[in-house]
Amino acid sequence: MHELVFFYPQGHEAHVEPGHPERPERVEAIRETLERAGLWQIYPHLKPLDLAEETLNAIHTPEYLQTLERVSRKGANFDMDTYTTPASWDLALNAAGGAAVVASTVWQDIARRGFALTRPPGHHATRDRAMGFCLLNNVALAAEYLLQQDGAERLAIVDLDLHHGNGTQDIFYRRGDVFYFSIHQAPLYPGTGGIEETGAGDGLGKNANFPLPPFSGDQAYLTVMDTLILPLLDGFSPQMILVSYGFDPHWSDPLGNLRLSAGAYGELIASLTRWADQNCQGRIALFLEGGYNLDAARACTLAVIASLLGKPLPELPGKEFEPSPDPEGTAWKSYVRQARQVWRL
């Protein structure tokens, strides 16, 4: 069994808009950092799967998929934030297929861990709309592939991006086979992800949001993980954990103010990895979402890869590895109290 597998989105540089924060350098900074650390070359790199229509249509409406292809072929924009180029449709399918192959390889115990550099990102893409830089919902499609093709019955998606993954929530909100968790800054785009949004129908009690105010810092995240997410995982007992990995909670990111350190991000992944080892045969994989400071990309990725491999955080120079330079606030404690009341924990 491989310790780790990667997916790299070949040709992703063709999805680009000058001056846009969601740019190819985000992925290249990660790749170059892992190369310098000697981690990129020693683990397998997987080729994307061709996703069947039944999988794509279970997550996105056929009408939206047709629109996405048409708009992309023209290189038009969906909105002020979400651009396409003539290559974007193929690259979006490529990213979704890469997410699926990484998830499936871990599920089948061919690899212990997986890391998909999915670009374009996905967690804002709803069933019928592109938004927030996202075209296809990669992590949702990976989950659906496991459910349709690999026999999975219960999965958990843990979203650690700065922003609430409204698309992922929208897709699974009324389903009971996927438990969606999100820690995110509030108030902030896209304005969803309240504590009271806990699912509906078959999905009631399978959607947990933990909005945190600006400047919450490391302790808030670690408290949410230890006192809320891990106990809820215990109750649901998923067969695999899929992590929407956005490094934009880092204190240096230009779009947010949650002030997470790279070391704390590594601790979060370490907690999830230990839970997976103890409860679901070690099955855990990460899927790239947001994050817009390249130094943060390097620092956070080294931290999370070390945690996936069960190794200590590398001792490298650079302020990005230091804790938040801002003093931690205490406003987050009331949010945690509210969440514990909602979930009776």
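This passage describes the largest pocket, a helix that contributes to its lining, and the largest cavity of a predicted model.

The largest pocket encloses about 270 Å³ of space. Its lining is made up of 14 residues, of which Leu 51, Glu 53, Leu 56, Trp 89 and Leu 93 are the closest to its centre. Three helices, α2 (53-59), α3 (62-74) and α4 (88-107), each supply at least two residues of this lining, and among the contributors α3 gives the most, with four residues. In terms of residue class, the lining of the largest pocket is divided into eight nonpolar, three polar and three charged residues.

Of the helices that line the pocket, α4 was examined further. This helix comprises 20 residues and reaches 28 Å from its first C-alpha to its last, which is close to the 28 Å expected at 1.5 Å a residue. Helix α4 is also mostly covered, with 18 of its 20 residues buried. Just after α4, Asp 109 adopts a positive phi of about 65 degrees.

Apart from the pocket, the search for enclosed space returned one cavity of 30 Å³ or more, and the volume of the largest cavity is about 40 Å³. The largest cavity is lined by Ile 195, Phe 210, Pro 211, Leu 212, Val 224, Leu 228, Tyr 335, Val 336 and Ala 339. At least two residues of this lining come from each of the strand β5 (207-212) and the helices α7 (217-236) and α10 (332-343). By class, the lining of the largest cavity consists of nine nonpolar residues, with no polar and no charged residues, whereas the lining of the largest pocket includes three polar and three charged residues.

Methods
Residues are numbered from 1 along each chain as its sequence is written. This is a predicted model: local features need pLDDT of at least 70, side-chain atom pairs count only at pLDDT 80 or more; totals for chains, interfaces and linings use all residues. Side-chain values use heavy atoms; hydrogens and water are left out. On a 1 Å grid over the protein atoms alone, a cavity is a set of points where a 1.4 Å probe fits but cannot get out, and a pocket is an open set with protein on both sides within 12 Å along at least five of seven lines; lining residues have an atom within 4 Å of a point. Grid points are joined across faces, edges and corners, and a volume is the space filled by probe spheres set on the points. Ala, Val, Leu, Ile, Met, Phe, Trp, Tyr, Cys and Pro count as nonpolar, Asp, Glu, Lys and Arg as charged, and the others, Gly among them, as polar. The expected span of a helix is 1.5 Å times one less than its number of residues. Buried means under 20% relative accessible area, exposed over 50%, partly exposed in between (1.4 Å probe, protein chains only).
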